[in-house]
Structures are given as structure tokens and as C-alpha cells.
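Please open the model in the viewer and keep the sequence panel beside it. The tour below proceeds by selection, with a short account of what is found at each stop.

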Amino acid sequence: MGDSPPITLYGVQILEPVTSLTDLITALVCFYAFYRLSKLDRHGKVYTYFRYYFLWTGIATTCAAFIGHAFLYLFSFEWKMIGWAFSATGILFIEWGTLHFVREEISSRAFQWISRGTLVKYLAFWTLILTTQSFLATQAQAAIGLIGIVLPLQAYHYLHTRHPGSRAIVFALLFSFLPAITYNAKLSLHTYFNHHDISHLLMAICLFLIYRGVDQILDPKPNTIAEISHS
């Protein structure tokens with residue numbers, strides 16, 4: 001099934017209405033996570049980077065809802081790149097948040113190489129976006145960042161510390177294969193509930209699971225501290 005038919009509300013045409021709505025649901029999850037984490041009395045790079053991941057990802061999906069789908073007819077294709085840029089920067093923040101979180105478990109040499117690698121990947125994304133204007137660059141940048149960098153670092157940290165926050169993020173990133181498979185296989189249930197919509201809702205669940213993991217990292221509960229200390 002292709003894109004869902006447009007609807008008209010009060011004389012305003014809305015393209016892909018359900019896709020736009022599910023994008024906004026995903027954005028709301030991100031803004032909720034950012035709000036909840038902002039209420040914590042925490043400081044430092046780990047706190048800042050993880051919070052900004054949710055903020056920039058929320059802005060990216062909001063741009064996707066309005067510019068990329070609902071009102072695309074008001075914009076040229078190039079405007080879509082605004083959301084892609086926010087998304088890529090959000091990925092950079094979760095990479096840095098994770099890298100600084102696991103810093104004590106990896107060598108300083110590994111830390112420096114991975115840190116530089118994230119910047120090279122980010123610059124490569126901008127080069128591809130400006131030369132190809134393809135969404136595939138955004139997908140590749142996110143996949144490499146989340147599955148190629150964040151997942152192994154959090155898994156490594158969990159194996160060494162048994163930190164439940166790392167465990168939760170590992171589970172969330174494994175869950176993220178579901179929206180990716182749904183999107184790329186174009187698994188749809190209805191014209192008004194296609195692969196875009198399903199993958200958006202699955203991604204919203206994934207982001208909430210990541211938030212739960214980050215919350216355990218930034219605001220560990222007494223039982224979490226006890227679990228780590230006995231590992």
C-alpha cells in the first residue's frame with residue numbers, strides 16, 4: 001500500500017494524515033522524555049547529551065509531521081532536510097551520552113577513537129545530504145549510530161557492570177529492528193494505516209524504552225544501586 005489519501009479539514013488539505021499524526025505521537029514521547037529528564041537535579045555531559053537526544057529527535061519528528069508529510073505541498077523537497085539534520089544531531093547526542101557514560105569501562109584510546117569516529121560519521125552525513133538529498137543518508141547515519149556504536153557500548157557496559165540502565169537501552173535498540181523491518185518491508189494493514197504509521201508507533205515505543213533506560217542511568221533507584229554494587 002502506498003501513501004494514504006489526503007483529507008481536508010476546514011478547507012485545509014492535510015497529506016498523509018495518519019502518518020503525520022503518528023509522527024506527532026513519536027515527537028510527544030520525545031518531548032515527554034526531555035521534560036521528565038529536565039526535572040532531575042543532575043549536571044554533566046552524560047545528562048546534557050541524553051536530554052538533548054530526546055529534544056532534537058522530538059523536533060526532527062515534528063518537522064517530519066508538518067513539513068515532510070502533512071503540508072509538504074507548501075514546501076520544496078529540500079525543506080525535508082531540516083528534520084533530517086535535527087535527527088542526525090540527535091543521534092550524535094545519544095552517541096556522546098553513551099560514550100561518556102561508559103568512559104570508565106573503556107580505554108582512553110578507545111574513547112578518543114570512537115569520539116572522533118562519531119564526528120567523522122556526522123560530517124559524512126552532511127556531505128551525503130548536501131550532495132544526494134537522499135533519506136537513505138539519514139537512515140544509514142541513524143543505523144550506524146544506534147546499532148553500530150550505542151548498542152555495543154551499552155552491551156559492553158552491561159556485561160561489565162550489570163547496570164539495568166544499559167540493559168534497558170540494549171533491549172530498546174534490539175526492539176528498534178521491528179520498526180526498521182516494518183518500514184523497509186512496507187508492512188501495512190490499511191490504506192490509512194500503512195508501513196509509515198506502524199513503524200512510527202513502534203518507534204515511539206522504542207524511544208520510550210530508551211527513555212526508561214536513560215532514566216535509570218541518570219536517576220538510579222536504591223535497588224538499582226544495590227544491584228550494581230553486588231555485580
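## First stop: Leu 24

Select Leu 24, which counts as partly exposed because its relative accessibility is 28%, between the 20% and 50% limits. The model is a predicted one. Leu 24 belongs to helix H1. Display its surroundings next: leaving out residues up to four places away in sequence, Leu 24 touches Ala 65 and Phe 66. Then add Ala 204, which lies 180 residues from Leu 24 in sequence, with a C-alpha to C-alpha distance of 9.6 Å.

## The whole chain

Zoom out and colour by secondary structure. The protein chain holds nine helices and two strands. Traced from the N terminus, the order of elements is β-β-α-α-α-α-α-α-α-α-α. Along the principal axes, the C-alpha atoms fill a box of roughly 60 × 40 × 35 Å. The radius of gyration of the protein chain is 18 Å, which agrees with the value near 17 Å for a compact globule of 231 residues.

Colouring by accessibility comes next: 46% of the 231 residues are buried. Among contacts in the protein chain with a separation of 6 or more, 72% are between residues 24 or more positions apart.

## The N-terminal segment

Go to Pro 5, in the segment before strand E1 (7–9). Pro 5 has a relative accessible area of 32% and is therefore partly exposed. Which residues does Pro 5 contact, leaving aside neighbours within four places in sequence? They are Pro 17, Thr 191 and Tyr 192. A distance label between the C-alpha atoms of Pro 5 and Tyr 192 should read 7.6 Å, although 187 residues separate the two along the chain.

## Two residues with positive phi

In general, most residues other than glycine have a negative phi. Two exceptions can be inspected here.

- Select Glu 16, in the loop between strand E2 (12–14) and H1. Its phi is positive, near 45°. Glu 16 counts as buried, since its relative accessibility is 10%.
- Select Arg 162, in the loop between H5 and H6. Its phi is also positive, about 60°. Arg 162 counts as partly exposed, since its relative accessibility is 38%.

## The largest nonpolar core

Hide the surface and show side chains. The largest nonpolar core contains 50 residues, and those touching the most other members are Phe 50, Tyr 53, Phe 54, Ile 210, Val 214 and Leu 218. Helices H1 (17–38), H2 (45–70), H3 (80–101), H4 (108–132), H5 (135–161), H6 (164–175) and H8 (195–218) each supply at least two residues of this core. As a general tendency in soluble globular proteins, nonpolar side chains are buried together.

Centre the view on Leu 218. Apart from neighbours within four places in sequence, Leu 218 is in contact with Leu 37, Leu 40, Arg 42, Val 46, Tyr 47 and Phe 50.

## Gln 141 in helix H5

Move to Gln 141, found in helix H5. Is Gln 141 buried or exposed? Gln 141 is buried, because its relative accessibility is 3%. Its contacts, not counting neighbours within four places in sequence, are Ala 88, Ile 91, Lys 121 and Phe 125. Of these, Ile 91 can be chosen for a distance label: its C-alpha atom is 8.0 Å from that of Gln 141, and the two residues are 50 apart along the chain.

## The largest pocket

Finally, switch on the pocket display. The largest pocket has a volume of about 1,200 Å³. Its lining comprises 38 residues, and the closest to the pocket centre are Ser 87, Phe 135, Thr 138, Gln 139 and Met 203. Which elements give two or more residues to the lining? They are H1, H2, H3, H5, helix H7 (177–185) and H8. H2 gives the most, with nine residues.

Colour the lining by residue class to complete the view: 20 residues are nonpolar, 14 are polar and four are charged.

Definitions and conventions:
Residues are numbered from 1 along each chain as its sequence is written. This is a predicted model: local features need pLDDT of at least 70, side-chain atom pairs count only at pLDDT 80 or more; totals for chains, interfaces and linings use all residues. Side-chain values use heavy atoms; hydrogens and water are left out. A nonpolar core is a set of buried Ala, Val, Leu, Ile, Met, Phe, Trp, Tyr and Cys residues joined through side-chain atoms within 4.5 Å. Buried means under 20% relative accessible area, exposed over 50%, partly exposed in between (1.4 Å probe, protein chains only). Helices (H or I, at least four residues) and strands (E, at least two) are DSSP runs, numbered from the N terminus. Contact means heavy atoms within 4.5 Å. On a 1 Å grid over the protein atoms alone, a cavity is a set of points where a 1.4 Å probe fits but cannot get out, and a pocket is an open set with protein on both sides within 12 Å along at least five of seven lines; lining residues have an atom within 4 Å of a point. Grid points are joined across faces, edges and corners, and a volume is the space filled by probe spheres set on the points. Ala, Val, Leu, Ile, Met, Phe, Trp, Tyr, Cys and Pro count as nonpolar, Asp, Glu, Lys and Arg as charged, and the others, Gly among them, as polar. The radius of gyration is taken over C-alpha atoms; the globule rule is 2.2 Å times the number of residues to the power 0.38.
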